[in-house]
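The following explanation leads through a protein model, beginning with one strand and proceeding outward to the contact between chains. Please keep the sequence and the coordinates at hand while reading.

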Amino acid sequence: MSMEDILQIRDLYVSYGGIEAVKGISLHVERGKIVTLIGSNGAGKSTTLKTVAGLVRPKSGQILFEGEDLVGRSTDQIVARGVTLVPEGRRVFPNLTVKENLRIGAYLRKDDYSRDLAWVYELFPRLKEREWQPAGTLSGGEQQMLAVGRALMAKPKLVMMDEPSLGLAPLIVKGIFSIIREINRQGITVLLIEQNANMALKTADWAYVMQTGSLILEGTGQELADDETVKSAYLGVKK
Amino acid sequence: MQKLLPYILNGISAGGQYALISIGYTLVYGILRLINFAHGDVFMVAGLILVYSSATLPFYFSIPLVLVCTAVLGFVIERAAYKPLRSAPRMSLMISAIGVSYLIQNLAFYLTGGLPQPVTRPIPWVSGMVTVLGASTKRVTLVTPVLTLALVLVLLWLTRRTRIGIGMRAASRDFETAQLMGVKINSVISFTFVVGSFLAAVGSLLYFTNYPNVAITSGAMPGLKAFVAAVFGGIGSIPGAVVGAFLIGLSEEIIKGLGYSTFSDAFTFALLIVILCVKPTGLFGESAADKV
Ligand SMILES: Nc1ncnc2c1ncn2[C@@H]1O[C@H](COP(=O)(O)OP(=O)(O)OP(=O)(O)O)[C@@H](O)[C@H]1O
Ligand SMILES: [Mg+2]
């Protein structure tokens with residue numbers, strides 16, 4: 001637990017009614033790094049990110065962002081502090097144009113965001129071409145680009161991404177991962193959830209494995225990629 | 001044609017008034033998927049405030065007072081009766097809306113003693129007479145459509161170009177993701193009710209220029225018609241509500257002009273049934289999937 005952690009989750013418990021989805025996890029994300037959280041369906045990955053974003057209230061535990069506890073804060077306050085979430089399933093606003101979707105990403109900003117808009121268009125030239133199109137008419141891959149671009153418009157310090165590669169063709173997935181590295185090079189810390197463990201472990205500086213609400217393993221991306229359990233359970237490698 | 005002209009003028013005017021009310025239904029439905037049954041009563045309350053305030057205050061005070069008080073009423077209704085039920089089943093919200101409607105009518109009954117309150121001082125100028133192509137009518141007939149269209153343009157600008165407007169449109173599709181953008185859902189919903197009630201108040205000011213009194217049930221018919229207009233145009237759509245309202249206002253008056261006054265209300269409700277059967281999404285409605 002160094003001072004360089006931008007995010008520390010301590011002993012977090014989250015439940016929906018009677019169902020315990022997250023059972024006392026602790027993790028930390030170092031500033032400037034890419035950290036990934038992998039695990040199978042229903043492990044509690046999305047719940048963890050939603051709790052950090054303030055969409056779900058934890059039962060107990062602490063979520064320290066730059067040393068300040070986010071638990072109990074509203075989502076807009078959390079966004080204002082520099083934490084954004086690219087939600088599972090993209091969730092672009094289909095009735096808004098591409099440009100309006102990006103504009104709403106900067107909803108809380110009072111400063112001029114035109115440089116960030118230009119940067120997002122530079123990262124995703126496709127979005128520039130489709131600026132005036134309703135987002136609902138974009139392809140799945142384009143919608144994912146928009147969801148990522150939208151999160152960047154808030155000028156975040158930490159971007160959390162929930163399965164950005166879900167349902168995309170391999171080539172597009174590669175593109176998304178190279179964008180993630182590019183975003184990270186610009187100084188933004190990334191917390192990434194993936195089912196595509198292979199790509200995630202290659203990209204991440206540090207990785208956690210989550211199983212039925214608990215963290216069962218952690219290590220560098222390379223260490224986990226070489227781990228026998230991970231290989232058989234998440235990388236589809238036969239023993 | 002000369003014979004129908006007064007009816008057409010009245011139709012356009014009634015259409016404008018329905019439009020100002022129906023926008024409130026459509027905005028609230030758009031964001032909460034709630035049919036705000038109390039909306040017609042809010043319209044009626046605006047009329048009562050006008051009657052009471054104009055009895056003692058000059059119009060340049062009483063008109064703004066009506067607009068502000070009605071907007072505040074819309075705000076309070078949402079905070080008190082709908083917000084606590086945000087995560088409850090939609091049916092609870094509906095029932096709460098019906099409750100609010102009766103509550104307002106009962107409070108109005110208490111206030112007025114159940115007697116229709118005469119509009120003794122109609123708003124000057126707009127209630128003056130003018131002659132249009134040989135037909136004599138109150139000035140409000142001409143003012144209404146112009147003012148309505150102007151307000152609709154402002155509203156469209158608000159929802160397309162301003163921050164809160166874009167937030168509103170985003171929240172109308174996806175609360176959770178809108179929150180992730182930093183949109184404060186509570187403010188956006190309150191804002192929606194304030195705008196809807198404000199427009200209903202404008203509609204009320206225009207409407208009661210043509211009516212001798214305000215009764216506690218005065219909001220029922222215009223409220224219902226405006227609701228039909230919103231459904232007809234495709235509930236959730238602002239242009240839809242406006243087009244629907246003008247079509248209904250015009251049809252009703254033309255039916256009257258042709259000598260079938262008895263059927264003019266029936267026509268509106270028959271139209272509702274036909275629309276629901278043939279094209280439930282209305283003229284400008286979006287996909288049916290997220291409507292119900
Ligand atoms: N809104 C909810 N209400 C009730 N239970 C929920 C809710 N959301 C998630 N759960 C439950 O919590 C558990 C964890 O869900 P979560 O979505 O966090 O998993 P996940 O790791 O993101 O899975 P996936 O990889 O499939 O997205 C699951 O058992 C799920 O059924
Ligand atoms: Mg998930």
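Which residues of β7(A) are buried on one side, and which on the other? In this predicted model, Leu158(A), Met160(A) and Asp162(A) lie on one side of β7(A), Val159(A) and Met161(A) lie on the other, and all are buried. Both faces of the strand are thus covered, and the count for β7(A) is five buried residues of five.

The strand β7(A) belongs to an open sheet of six strands in chain A, whose order is β6-β7-β8-β3-β9-β10 and whose pairing is mixed. At the edges stand β6 (83-86) and β10 (214-219) of chain A, each of which pairs on one side only. Direction ignored, neighbouring strands of the sheet are turned against each other by 20 degrees on average.

The pairing can be followed from the edge strand β6(A) inward. Four bridges connect β6(A) with β7(A), and the two strands run parallel. Within this pair, Val83(A) is found opposite Leu158(A) of β7(A), while Val86(A) has Met161(A) as its bridge partner. The residues of β6(A) also point in two directions: Val83(A) and Leu85(A) one way, Thr84(A) and Val86(A) the other. All of these residues are buried, although β6(A) is an edge strand.

On its other side, β7(A) pairs with β8(A), again in the parallel sense, over five bridges. Here Asp162(A) stands opposite Ile193(A) of β8(A). The next step leads from β8(A), residues 189-194, to β3(A), residues 34-39; these strands are parallel and are joined by five bridges. Ile193(A) serves in this pairing as well, for Leu37(A) stands opposite Ile193(A).

Two helices that pack on the sheet may now be considered. Helix α7(A), residues 170-185, touches β3, β7 and β8 of chain A, and its direction makes about 155 degrees with that of β8(A). Helix α1(A), residues 45-52, also packs on the sheet and is in contact with β3, β6, β7, β8 and β9 of chain A. The angle between the direction of α1(A) and that of β7(A) is about 150 degrees. Both helices therefore contribute contacts to β7(A), given that α1(A) touches this strand and α7(A) touches it as well.

A residue outside the sheet shows how a helix reaches one of the strands. Gln144(A) lies in helix α6 of chain A. Gln144(A) counts as buried because its relative accessible area is 1%, below the cut-off of 20%. Residues up to four places away in sequence aside, Gln144(A) touches Val86(A), Arg90(A), Glu163(A), Pro164(A), Leu168(A) and Ile176(A). Of these, Val86(A) is the residue whose bridge partner in β7(A) is Met161(A).

Helix α6(A) also takes part in covering helix α3 of chain A, and with α3(A) the account arrives at the second chain. Six of the eight residues of α3(A), which spans 98-105, are buried; they are Val98(A), Glu100(A), Asn101(A), Leu102(A), Ile104(A) and Gly105(A). The elements that cover them include α4, α5 and α6 of chain A together with α5 and α6 of chain B. One of the buried residues, Glu100(A), forms a salt bridge with Arg169(B), in which the closest N and O atoms are 2.9 Å apart.

This salt bridge belongs to the interface between the chains, for which the rule finds five salt bridges. Seven residue pairs are in polar contact between chain B and chain A, both residues being at pLDDT 80 or more. On the side of chain B that touches chain A, α5, α6 (163-173) and α7 (175-180) of chain B each supply at least two residues. The largest share, eight residues, comes from α6(B). In terms of residues, 22 of chain B are in contact with 20 of chain A. The area buried between the two chains is about 2100 Å², with carbon and sulfur atoms giving 58% of it. Arg163(B), Leu180(B) and Met181(B) supply 34% of the area that chain B buries against chain A, more than any other three residues.

Within chain B, Thr159(B) offers a final example. Thr159(B) is placed in helix α5 of chain B, residues 140-161, and counts as buried because its relative accessibility is 4%. Residues up to four places away in sequence aside, Thr159(B) touches Gly165(B), Ile166(B), Met168(B), Arg169(B) and Ile238(B). Among these is Arg169(B), the salt-bridge partner of Glu100(A).

Note on methods. Residues numbered from 1 in each chain as written. Chains lettered and ligands numbered in written order. Predicted model: local features only at pLDDT ≥ 70, side-chain atom pairs only at ≥ 80, totals over all residues. Heavy atoms only, no water. Pairing = 2+ DSSP bridges. Axes fitted to C-alpha atoms, helices over the stretch in contact; angles between N-to-C directions. Contact = heavy atoms within 4.5 Å. Buried < 20%, exposed > 50% of the residue type's maximum accessible area, 1.4 Å probe, protein only. Buried area = accessible area lost by both parts, 1.4 Å probe. Salt bridge = Lys/Arg side-chain N within 4 Å of Asp/Glu carboxyl O. Polar contact = N/O pair within 3.5 Å; in protein donor to acceptor, adjacent residues only side chain to side chain.
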